[in-house]
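Please work through the following exercises slowly, with the sequence and the model open beside you. Each task is followed by a solution that goes step by step.

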Amino acid sequence: MIVITAPTGNIGGRLLSLLVEAAPAHGEEVRVVVRDPARLPAAVRGRVEVVTGSHGDAATADRAFAGADAVFWLVPPDASAPPDEAFGGFTRPAARAFAAHGVGHVVGVSALGRGTPLAARAGLVTASLAMDDLIAGSGVAYRALACPSFFENLLEEADSIRADGVFTDTAAADRPAPMVAAADLAASAAGLLLDRSWTGVGGVPVLGPRDLSPNDLARIMTEVLGRPVRYRRLPLGELRSALLGHGLDEAFVEGVVAMKRAKDEGLDSGAVRSPQAGPATGFAQWCARTLKPAVLTAPEVADAR
């Protein structure tokens, strides 16, 4: 029995599609934990066992992980709580349930940076690495999928790219860093969940084919989209003000700012790139397949009558 948390999200949804097709051939069943079962794709609802609720809730975790052999663990973003609570507080009931029910293997979504001087002051990343330690302490065999930033983050910039040809971030324009597609992360998770010959605790960096700077991203987007795209560096103070203006928890905002500062100082640059077991999607390929339709499709205009 493989249990998938966050099965309707950007990563979990892709993983669910992969496992629903592959699990039967491996003699596996699939269970999902979801707040709203109606959000599950109609094609998979009859092919998985469903536990309704939040996987951060103790009673739900107890039901979800009873009889589980392997678990895919992902903490959903929570901008209403401090980072330690958003990651560690959310995970603690599950860690207790892993131990109580003898779960053998857990694959979790985490971040790059472990073992670096920046890891202790990287905000959300620091909290994510502490979450890994919490899960590892439950006695399971654990693999933390250590991720950089996702290509999909640029979808939040689609309107700005369409209207002004501009995308923003806080990193230096010429600083290269790894980036990855969510589909590649899902494929890596599927491989680990289906072949559980691994033991112990460790991290698995999931990186794109090569490091890219914001200037590289702008150049590639310009080529693929067929229109000029440029990068504007956002000062950290401006980012902080914008996030606070949206009503986010102050401690969470400081966690985002600390993470962005650490990434700009090279947090993600220490991972050694090695051949991945699964696919490694290039940025140009992702742009053509995912970003270009989002940018070139104008949003619908509401009827003002």
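**Exercise 1.** Decide whether Pro148 is buried or exposed, and find out which residues it touches.

*Solution.* We begin with the accessibility: Pro148 has a relative accessible area of 5% and is therefore buried, where buried means under 20% relative accessible area, exposed over 50% and partly exposed in between, with a 1.4 Å probe and protein chains only. This is a predicted model, in which local features need pLDDT of at least 70 and side-chain atom pairs count only at pLDDT 80 or more, while totals for chains, interfaces and linings use all residues. Residues are numbered from 1 along each chain as its sequence is written, and side-chain values use heavy atoms, with hydrogens and water left out. Next we place the residue: Pro148 sits in the loop between β6 and β7 (149–150), helices (H or I, at least four residues) and strands (E, at least two) being DSSP runs numbered from the N terminus. Then we list the contacts, meaning heavy atoms within 4.5 Å: if residues up to four places away in sequence are not counted, Pro148 touches Leu112, Pro178, Met179, Val180, Val206, Leu207, Lys263 and Asp268. Finally, for one of these partners we can give a distance, since the C-alpha atoms of Pro148 and Val180 are separated by 6.7 Å although the two are 32 residues apart along the chain.

**Exercise 2.** Describe the surroundings of Asp132 and of Leu234.

*Solution.* Asp132 belongs to helix α5, and its relative accessibility of 5% is why it counts as buried. Leaving out residues up to four places away in sequence, we find Asp132 touching Ser110, Arg114, Tyr142 and Ala144. Leu234, by contrast, is in the loop between β11 (230–233) and α9 (236–245), and because its relative accessibility is 14%, Leu234 counts as buried. Beyond its neighbours within four places in sequence, Leu234 is in contact with Asp169, Thr170 and Leu239. From Leu234 to Phe167 the separation is 67 residues in sequence and 9.7 Å in space, C-alpha to C-alpha.

**Exercise 3.** What is the phi of Ala6, and where does this residue lie?

*Solution.* Most residues other than glycine have a negative phi, and most peptide bonds are trans. The phi of Ala6 is near 50°, a positive value in a residue other than glycine. Ala6 lies in the loop between β1 (2–5) and α1 (12–22), and it is buried because its relative accessible area is 18%.

**Exercise 4.** At what angle do helices α3 and α4 cross, and which residues make the contact?

*Solution.* Two packed helices are described by the angle between their axes and the distance between the axes. The axes of α3 (residues 58–65) and α4 (residues 83–101) come within 9 Å and cross at roughly 35°; such axes are lines fitted to C-alpha atoms, for helices over the stretch in contact, and angles run from 0 to 180 degrees between N-to-C directions. On the α3 side the contact is made by Ala58, Ala61, Asp62 and Phe65, and on the α4 side by Pro93, Ala94, Ala97, Phe98 and His101. Sorting these residues gives seven nonpolar, one polar and one charged, where Ala, Val, Leu, Ile, Met, Phe, Trp, Tyr, Cys and Pro count as nonpolar, Asp, Glu, Lys and Arg as charged, and the others, Gly among them, as polar.

**Exercise 5.** Compare sequence separation with spatial separation, starting from Glu223 and from Gly245.

*Solution.* Glu223 is in helix α8 (residues 214–225) and counts as exposed because its relative accessibility is 55%. Glu223 and Ala288 are 65 residues apart in sequence and 9.9 Å apart in space, C-alpha to C-alpha. Gly245 is in helix α9, and its relative accessibility of 65% is why it counts as exposed. For Gly245 and Gly191 the separation is 54 residues in sequence and 41 Å in space, again C-alpha to C-alpha.
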